[in-house]
Amino acid sequence: MWNAILYLWVLNGLTVALFAWDKLCARWSRGRVPEHLLLWLSALGGSPAALLSRWLFRHKTRKQPFGRWLWSIVLFQITALVILLGKDLL
């Protein structure tokens with residue numbers, strides 16, 4: 001259990017850091033963090049940090065393909081969590 005909690009803390013921290021770095025790179029016209037990497041981090045469990053970072057840094061908010069993919073990941077994760085918790089209740 002503690003391994004899973006540590007994993008999620010580290011992954012979400014890394015997700016916030018990469019969103020912040022990408023925002024700085026966008027302002028400085030430097031090399032950017034690939035969108036697919038940000039989406040993979042979200043899919044691996046960093047979606048809460050991705051949603052928070054979009055709001056906090058006002059970053060990737062108008063990128064519609066990115067936004068649709070991110071919300072699809074979040075919806076899938078919520079559905080999977082409800083199914084897993086539902087099985088435990090039966």
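Here are some notes on this structure, point by point, for someone meeting it fresh.

1. First things first: this is a predicted model. The chain's secondary structure adds up to three helices and zero strands, so if you read along the sequence you get the pattern α-α-α. The C-alpha atoms fit a box of roughly 55 × 30 × 20 Å along the principal axes.

2. A couple of whole-chain figures help set the scene. Of the chain's 90 residues, 30% count as buried. Among contacts with a separation of 6 or more, 67% are between residues 24 or more positions apart.

3. How do α1 and α2 sit against each other? Helix α1 covers residues 2-28 and helix α2 covers residues 35-57, and their axes come within 8 Å and cross at roughly 60°. That angle falls in neither the parallel, the antiparallel nor the perpendicular range, and α1 and α2 are therefore oblique to each other. The crossing of these two helices is right-handed. Sorted by class, the contact of α1 with α2 has 16 nonpolar, six polar and three charged residues.

4. Next, the largest nonpolar core, which has 11 residues. Its members are Leu11, Leu18, Phe19, Val33, Leu38, Leu39, Leu41, Ala50, Phe66, Leu70 and Ile73. Helices α1, α2 and α3 (64-89) each put in at least two residues, with the largest share, four residues, coming from α2. As background, nonpolar side chains tend to be buried together in soluble globular proteins.

5. Val33 is one of the residues of that core. What does Val33 touch, once its neighbours within four places in sequence are left aside? Its contacts are Leu18, Trp21, Asp22 and Leu38. Of these partners, Leu18 and Leu38 are also listed in the core.

6. Have a look at Thr15 in helix α1. Is Thr15 buried or exposed? With a relative accessibility of 0%, Thr15 counts as buried, because the cut-off for buried is under 20%. Setting aside neighbours within four places in sequence, Thr15 is in contact with Leu41, Gly46, Ala49, Ala50 and Ser53. Leu41 and Ala50 also appear in the largest nonpolar core.

7. Ser47 is worth a look too, and you will find Ser47 in helix α2. At 5% relative accessibility, Ser47 counts as buried. Beyond neighbours within four places in sequence, Ser47 contacts Asn12, Ser42, Val74 and Gln77.

8. Now for the loops, and some backbone angles to check. Most residues other than glycine have a negative phi. Ser29 is not a glycine, yet has a positive phi of about 55°. Where is Ser29? Ser29 lies in the loop between α1 and α2. Its relative accessibility is 69%, so Ser29 counts as exposed.

9. Arg58 is another residue to check on this score: it has a positive phi of about 50° and is not a glycine either. Arg58 is placed in the loop between α2 and α3. Its relative accessible area is 69%, and so Arg58 is exposed, the cut-off for that label being over 50%.

10. If you want a short route through the model, start with the crossing of α1 and α2 at roughly 60°. Then pick out the 11 residues of the largest nonpolar core, and finish in the loops with Ser29 and Arg58.

How values were computed: Residues are numbered from 1 along each chain as its sequence is written. This is a predicted model: local features need pLDDT of at least 70, side-chain atom pairs count only at pLDDT 80 or more; totals for chains, interfaces and linings use all residues. Side-chain values use heavy atoms; hydrogens and water are left out. Axes are lines fitted to C-alpha atoms, for helices over the stretch in contact, and angles run from 0 to 180 degrees between N-to-C directions. Angles under 35 degrees count as roughly parallel, over 145 as roughly antiparallel, 65 to 115 as roughly perpendicular and the rest as oblique. A crossing is left-handed if the near helix is turned anticlockwise from the far one by less than a right angle, and right-handed if clockwise. Ala, Val, Leu, Ile, Met, Phe, Trp, Tyr, Cys and Pro count as nonpolar, Asp, Glu, Lys and Arg as charged, and the others, Gly among them, as polar. A nonpolar core is a set of buried Ala, Val, Leu, Ile, Met, Phe, Trp, Tyr and Cys residues joined through side-chain atoms within 4.5 Å. Buried means under 20% relative accessible area, exposed over 50%, partly exposed in between (1.4 Å probe, protein chains only). Contact means heavy atoms within 4.5 Å.
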